[in-house]
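Reader: I'd like to talk through the ligand site and the pockets of this one. Can you put it on the screen?

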Amino acid sequence: MSARRFLSIGECMVELSQAGDGLLRKGFAGDTFNTAWYARACLAADWSVDYFTALGDDAMSDEMVAFIDKSGIGTSLIRRIRGRTPGLYMINLKDGERSFSYWRDNSAARSLAADPDRVREAVESADVVYFSGITLAILPREDAATLLAEIRRAKAAGKLVVFDPNIRPRLWASYDVMHTTISEGARSSVLVMPSFDDEAAHFGDDSIDATIHRYKALGAVNIVVKNGADGVRLNFAGEETFVPAEKVKKVVDTTSAGDSFNGAFLSRYLETGDAPAAARFAAGVAARVVSEHGALVVKEKLGLSGGRARA
Ligand code: ADP
C-alpha cells in the first residue's frame with residue numbers, strides 16, 4: 001500500500017509540571033500535537049504522521065523538534081523563525097487541584113500560517129488534515145483566513161479534514177470572533193469532533209442533538225460528540241450511534257482525554273471506515289490515558305493489542 005500522510009496543524013508548547021521540592025519537570029504538549037502522538041501510536045507503519053507548526057531558532061525549539069522526531073512524527077514541514085521561541089505553560093498544584101499558567105502570547109506558533117506557500121505545501125502533501133479551534137485562536141485573523149482557505153481546498157479535493165473546536169474563550173479577542181471563526185472551521189471540515197461540555201458552555205447547546213444539528217447545518221458531514229464519562233454520540237452521514245465510555249477504576253488525570261480519543265479514533269476510522277468500532281477502540285485508549293499522569297502516555301501503556309499498532 002502506498003504511504004499516506006496524516007497532518008496535524010497547531011501549537012506544541014513546553015510544559016513545566018511540578019516534580020516536588022520546588023522542582024519542575026519539562027515536557028512538550030499541546031492539543032493538536034497530543035492527537036498526532038496518539039495517531040502515531042495507533043496507526044499502521046504505512047502511515048506517516050507529520051506536525052505542522054512554527055518554532056524559533058533557540059535551544060528549546062531544537063529540543064522540541066528532536067522530541068517530536070523521536071516520537072516518530074515528521075518535522076520536515078515545521079517553520080523555523082529567527083529570534084522566536086516556543087510557547088510555555090506551567091501546571092500548578094494547590095491542595096490537589098490543578099491550574100494552568102500560560103506564556104504563549106508571542107510564541108513562534110502564532111506565525112505558523114504567515115507564509116501562505118508553506119501552508120499550501122503542507123496541506124497539499126497530506127491525505128488527512130487535522131486542526132482545532134486552538135489552532136485558529138492563536139493566529140492573526142488574516143492568517144486564520146489563509147489557513148482556512150487551504151483547508152477548504154483540501155476538503156474540495158476530497159481529503160478527510162478533521163476539526164476539534166476545542167473552545168478556549170480566553171484565547172479569543174471576543175465571543176463574536178470565536179463563534180464566527182469556529183463555525184468557519186467546522187464549515188471547512190468533513191468531520192467535526194467537539195466536546196459537549198464546551199459546546200454547551202460556549203454555544204449554549206441544551207443537548208447533544210443541538211450540537212449535532214448546529215454542525216450539520218454548517219456543512220460538516222460527520223460528527224463525533226464527546227461527553228466525558230458519558231461516552232460519545234456519532235452521526236455519520238445521518239446515521240446515529242452511541243458508544244459508551246469504558247469504566248475507569250481511578251481517574252488520575254483527564255488531560256488529553258479528548259485529544260487521545262481523537263487520535264485513536266482516526267487511526268481506526270482511516271483503516272476501516274467503521275466509525276462505531278473506531279469509537280469503541282478510542283474509548284479504550286482514552287480510558288487508559290485518564291488512568292495515567294500527563295498528556296502523553298507511552299504506547300506500551302495504551303493496551304494496543306493483537307499487533308494492531310505496528311508503528
Ligand atoms: P475533552 O477532554 O475534549 O473534554 P472528554 O472529557 O469528552 O473530552 O473525554 C474524551 C473521551 O475520554 C471520552 O469520550 C471517554 O472515552 C474518555 N473519558 C473521559 N473521561 C473519562 C472518565 N472519567 N472515564 C472513562 N473515560 C473517560
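Reader: Which pocket takes in the ligand?

Author: This is a predicted model, where local features need pLDDT of at least 70, side-chain atom pairs count only at pLDDT 80 or more, and totals for chains, interfaces and linings use all residues. Residues are numbered from 1 along each chain as its sequence is written, and side-chain values use heavy atoms, with hydrogens and water left out. A pocket here is an open set of points on a 1 Å grid over the protein atoms alone where a 1.4 Å probe fits, with protein on both sides within 12 Å along at least five of seven lines; lining residues have an atom within 4 Å of a point. A molecule sits in a pocket if more than half of its atoms lie within 2 Å of its grid points, and the ligand's space is the largest pocket.

Reader: What volume does the largest pocket have?

Author: Its lining counts 50 residues, with Arg168, Thr254, Ser256, Ala257 and Gly258 nearest the centre. By class they split into 23 nonpolar, 11 polar and 16 charged. As for the volume of the largest pocket, it is about 1400 Å³.

Reader: Which helix gives the largest share of the shell around the ligand?

Author: The shell has 15 residues (a heavy atom within 4 Å of the ligand), and nine are nonpolar, four polar and two charged. Both α9 (257-272) and α10 (275-290) supply at least two of them. The largest share, three residues, comes from α9.

Reader: Which residue has a side-chain N or O atom 2.6 Å from a ligand oxygen?

Author: Polar contacts are pairs of N or O atoms within 3.5 Å. On the backbone side, a polar atom of Gly228 is 2.7 Å from a ligand oxygen, and an N or O atom of Gly258 is 2.9 Å from one. The side-chain contact at 2.6 Å belongs to Ser195.

Reader: How much of the ligand's accessible area does the protein cover?

Author: Areas come from the Shrake-Rupley method with a 1.4 Å probe. On its own the ligand has 560 Å² of accessible area, and the protein's cover is 83%.

Reader: And the second largest pocket: which strand gives the most to its lining?

Author: That pocket holds about 510 Å³ of space. It is lined by 20 residues, with Glu15, Ser17, Arg25, His293 and Gly294 closest to its centre. Strands β2 (13-18), β3 (24-29) and β7 (88-94) each give two or more residues, and the most, five residues, comes from β3.

Key. A polar contact is a pair of N or O atoms within 3.5 Å; within protein, one must be able to donate a hydrogen and the other to accept it, and residues adjacent in sequence count only if both atoms are side-chain atoms. Helices (H or I, at least four residues) and strands (E, at least two) are DSSP runs, numbered from the N terminus. Ala, Val, Leu, Ile, Met, Phe, Trp, Tyr, Cys and Pro count as nonpolar, Asp, Glu, Lys and Arg as charged, and the others, Gly among them, as polar. Grid points are joined across faces, edges and corners, and a volume is the space filled by probe spheres set on the points.
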